[in-house]
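Subject: The two-chain model, with notes

Hi there,

Here is the structure I promised to pass on. My notes follow underneath, so do keep the viewer open while you read.

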Amino acid sequence: MSAFLIIACVAVAAALLAFAVERAALVRHAVSGAPQQVPHLGGGAPQTHAWQRYHARYYPMTLLFIAFEMEMMFMYPWAVVYVAEGIKAMAEMGMFLAILSIGIVYGWREGAFRWQ
Amino acid sequence: MAVSRLSSLAAAAPAPVYAAIGEGAAAAIEDLFLDARLDRAASPRHAALLLVCGRFRDDDIADLCRLHDQLPHPRATLRWRAEALPGFTPDGVDLAPDADVAAALHAVYRALVAGARASEPALLPDEPPNPWRGRGDHGQGGEGMMGGVPYGRPMAMTDDDLRDGLALDAYAAPFGPFLSAFPPGLRLDLTLQGDVIQKLAVARPPFDQPLEAAHPLRLAARMLLPLGLPGLAERMLRRAAGLAPGTPAAVADLARALRWRGARAALPPGLGRIPGGGDVRTRLDGLLAAAGRGEAAPAPGAPMALSELLVGREWAEAMLVLASLEPGWLRRACRADMPHAPSEDAA
């Protein structure tokens, strides 16, 4: 029975593969040749490749999100042990927040709070 | 059987048409696409038929050939109210000026899908823009990232960014004259950083169109397309199509629909401001008010160069500003950006 199942699966997979290959051949016929590979610019031909580096404008916002998120991630376990640890935990959290706030001040300077 | 079933379903669907609009054809094409049998494709990749309509300049013929070859197979070309163009000679169908164009387009589409009509061959040679095969270490046509011509084209080179001075890659390319987002005939040489327009030069001005193409409701409808409101744009076009020139149109429901869809709120205040001509939002209001009074589109304000309006704008904003400009004013603004442009009298 299991051998029959394996043969059936292989047969179905082969049929799917044959169908995919046939469809791919059809698509290749539809998009063929150098004139088809020119991007549509309304008639013009591009002078360069469109593969280029550009500024991801959300980048400072992402950094800022990580700064706040790390803060909260550390605060949950800290809140559990705060009463037991006392002033030591308070000082550690103060140091941690001071370091993270440098990141927030940097984000502020970069204009991440200014929504455009 | 499944394939024939698919073919019959495809033949019953609206015919996807890309329109190459020439001089004097804008209003006729807009009215034509109100027909439910046709689907206006935003790019030739989504079309099966190329409709060539109006008069063209000699410079446009190479662009028309490129456009034709970008349609996927099977494809067909139809010419309507178009002059014979030397150099653009696909085995297309010539339609009579008073023909039922929508019916003819759909009939050709059905024949294409059924296989009764052969697809048109390419007009341009099947060659890359530069030879590249077999060159370079991996046969990619170049050396490293910046040298050579991988796949036949050079890589983009660095340039200063207008917004924050980062030296990233600039993309320079000619856009138009058959770009659906542009007024027909307008060809701009643009340099883009991301989606910000960095430099702009006008290569060819838009085509002259008859007075009916500048009806305020038509101009307002063209502004709604970049806002993503094609349904409301179609309502405006239908109302403009049935109007005699100078007749006041009922615009109260259209103004209400605009308000409810948030179109005015989506237009940033101050965008595309022209001294004496307001910004994009006030121009949209002015167009609706003029249509309600049966007047022509309001005076667009002091003359400016197109580059002053569009450089530094993001692509979506620039398309809104372009769509908001009155055609006559836009042609004058284009001339200001063309160093060797013929004067208004000579044109």
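Arg81(B) sits in strand S4 of chain B. Its backbone is a little unusual to look at: Arg81(B) has a positive phi of about 50° although it is not a glycine. The residue is partly exposed, with a relative accessible area of 47%. Please keep in mind here and below that this is a predicted model.

While you are looking at the backbone, there are two cis peptide bonds to visit. One runs from His73(B) to Pro74(B), with omega near -5°. Pro74(B) belongs to the loop between H3 and strand S4 (76-82) of chain B. The other goes from Gly176(B) to Pro177(B), with omega near 5°, and Pro177(B) lies in the loop between strand S8 (171-175) and strand S9 (187-193) of chain B.

**How the two chains meet**

How many residues of each chain are in contact with the other chain? On the chain B side there are 46, and on the chain A side 26. Together the two chains bury about 3,100 Å², and 53% of that is on carbon and sulfur atoms. In chain B, the residues that lose the most area to chain A are Gln70(B), Arg153(B) and Tyr171(B), which together make up 20% of what that side buries.

Across this interface the rule finds one salt bridge. It is formed by Arg53(A) and Asp169(B), whose closest N and O atoms are 3.0 Å apart. Arg53(A) comes from the loop between helix H1 (2-30) and helix H2 (59-85) of chain A, and Asp169(B) from strand S7 (residues 167-169) of chain B, so the pair joins two chains. Is each partner buried or exposed? Arg53(A) is partly exposed at a relative accessible area of 45%, whereas Asp169(B) has 5% relative accessibility and counts as buried.

**Salt bridges within chain B**

Over all chains, the structure holds 22 salt bridges. Two pairs inside chain B are good ones to bring up on screen.

For the first pair, Glu23(B) and Arg55(B) meet through their side chains at 3.5 Å, N to O. Glu23(B) lies in the loop between strand S1 (15-21) and helix H2 (26-32) of chain B, while Arg55(B) lies in the loop between strand S3 (49-54) and helix H3 (60-70) of chain B, so the bridge ties together parts that are 32 residues apart in sequence. Both partners are partly exposed: Glu23(B) has a relative accessible area of 31%, and Arg55(B) is at 39%.

For the second pair, Asp63(B) and Arg204(B) form a salt bridge with their closest N and O atoms 2.8 Å apart. This one links distant parts of the chain, with Asp63(B) in helix H3 of chain B and Arg204(B) in strand S10 (residues 196-204) of chain B, 141 residues apart. Both residues are buried: Asp63(B) has a relative accessible area of 3%, and Arg204(B) one of 11%. The pair also belongs to a wider group, as salt bridges that share partners join Arg57(B), Asp60(B), Asp63(B), Arg66(B), Arg187(B) and Arg204(B) into one network.

**Helix H12 of chain B**

Strand S10 comes up again here. The buried residues of H12(B) pack against S10, helix H10 (306-310) and helix H11 (315-324) of chain B. Helix H12 itself covers residues 327-336, and its buried residues are Trp329(B), Leu330(B), Arg331(B), Ala333(B), Cys334(B) and Arg335(B).

**Chain A on its own**

Chain A has two assigned domains: domain 1 covers 2-30 and domain 2 covers 59-110. How far apart are their centres? Taken over C-alpha atoms, 55 Å separate them.

There is also a nonpolar surface patch on chain A of about 400 Å², made by Phe65(A), Ile66(A), Met70(A) and Met73(A). Of these residues, Ile66(A) is found in helix H2 of chain A and is partly exposed, with a relative accessible area of 41%.

If you would like a place to start, try the bridge between the chains: zoom in on Asp169(B) and Arg53(A), with N and O at 3.0 Å. From there, the network in chain B that includes Asp63(B) and Arg204(B) makes a good next stop.

Happy browsing, and write back with any questions!

Best wishes

Methods:
Residues numbered from 1 in each chain as written. Chains lettered and ligands numbered in written order. Predicted model: local features only at pLDDT ≥ 70, side-chain atom pairs only at ≥ 80, totals over all residues. Heavy atoms only, no water. Salt bridge = Lys/Arg side-chain N within 4 Å of Asp/Glu carboxyl O. Helix = DSSP H or I, 4+ residues; strand = E, 2+ residues; numbered from the N terminus. Buried < 20%, exposed > 50% of the residue type's maximum accessible area, 1.4 Å probe, protein only. Domains from an automatic or database assignment. Patch = residues over 30% accessible without salt bridge, like charges linked within 9 Å, V, L, I, M, F, W, Y side chains within 5 Å. Areas by Shrake-Rupley, 256 points an atom, 1.4 Å probe, with all protein chains shown as cover. Contact = heavy atoms within 4.5 Å. Buried area = accessible area lost by both parts, 1.4 Å probe.
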